[in-house]
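Here is a protein model to look at together, followed by some questions on how its descriptions are justified.

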Amino acid sequence: MTFNRKVARPLKFEDGTTLPVGTYITMPSHAVATDPDIYSNPETFDGFRFYDKRMSAKAEANRHQFATTGPESLAFGQGKTACPGRFFAASNIKVVLANILLNYDISFPPGQTERPKNLHKGGLVRPDPRQTLIFTPRK
C-alpha cells in the first residue's frame with residue numbers, strides 16, 4: 001500500500017459513496033504494479049520493461065522513468081502530493097546500486113538456487129530480511 005491518507009473533510013465519489021472525516025484511505029500499489037492489464041508478464045523480471053515502454057513511441061520517451069508518477073506508478077505517490085524528494089532519492093539509490101554492482105559479485109549461499117518468496121504483512125510487500133546474500137569483492 002502507498003500514500004496513506006486520513007480524510008480531513010467528507011469525500012464524496014461520483015457514485016454517491018461518501019467517506020466521513022477520519023477515514024483512512026490508501027492505494028494498492030502492489031496490485032497496480034503486478035496488474036497484467038498494465039504490464040505484460042508482471043511477475044517475470046524484465047530489466048528492459050520500462051526502457052522498452054519509453055522506446056515504444058516518441059510520446060512515451062519521457063515517461064516510465066524511475067521517479068515518474070502516474071496511475072500506473074504509485075511508489076512515490078501521485079498528483080500534487082507526490083514525494084518532492086523522489087528525484088534526490090532516485091539519484092542516491094542509483095549511486096549506491098552502481099557502487100555495489102561495480103565492486104561486488106552477489107549470490108545466494110551455496111545450494112540456494114531460487115529467490116525467496118516475498119513477505120506480505122499489513123498491506124506491505126517486501127523481500128525477506130532474513131535472507132543471506134554473499135557479497136564477494138571484485139578484483
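**A buried charge and its setting**

Q: What makes arginine 54 a buried residue without a salt bridge, and how far away is the nearest side chain of opposite charge?
A: Arginine 54 is called buried because its relative accessible area falls under 20% (over 50% would be exposed, in between partly exposed; 1.4 Å probe, protein chains only). The nearest side chain of opposite charge is aspartate 52, 8.5 Å away, whereas a salt bridge needs a side-chain nitrogen of Lys or Arg within 4 Å of a carboxyl oxygen of Asp or Glu, so arginine 54 has none.

The model is predicted, with local features needing pLDDT of at least 70 and side-chain atom pairs pLDDT 80 or more, while totals for chains, interfaces and linings use all residues. Residues are numbered from 1 along each chain as its sequence is written, and side-chain values use heavy atoms, without hydrogens and water.

Q: Which residues are in contact with arginine 54, leaving aside its neighbours within four places in sequence?
A: They are Glu60, Ala61, Arg63, His64 and Gln65, where contact means heavy atoms within 4.5 Å.

Q: Where does arginine 54 sit, and what is the order of elements in the protein chain?
A: Arginine 54 belongs to helix H2, residues 49-55, and the chain runs β-β-β-β-α-α-α-β-β-β-β from the N terminus; helices (H or I, at least four residues) and strands (E, at least two) are DSSP runs, numbered from the N terminus.

Q: How much of the protein chain counts as buried?
A: Of its 139 residues, 15% do.

Methods. Lys, Arg positive; Asp, Glu negative; His and termini not counted.
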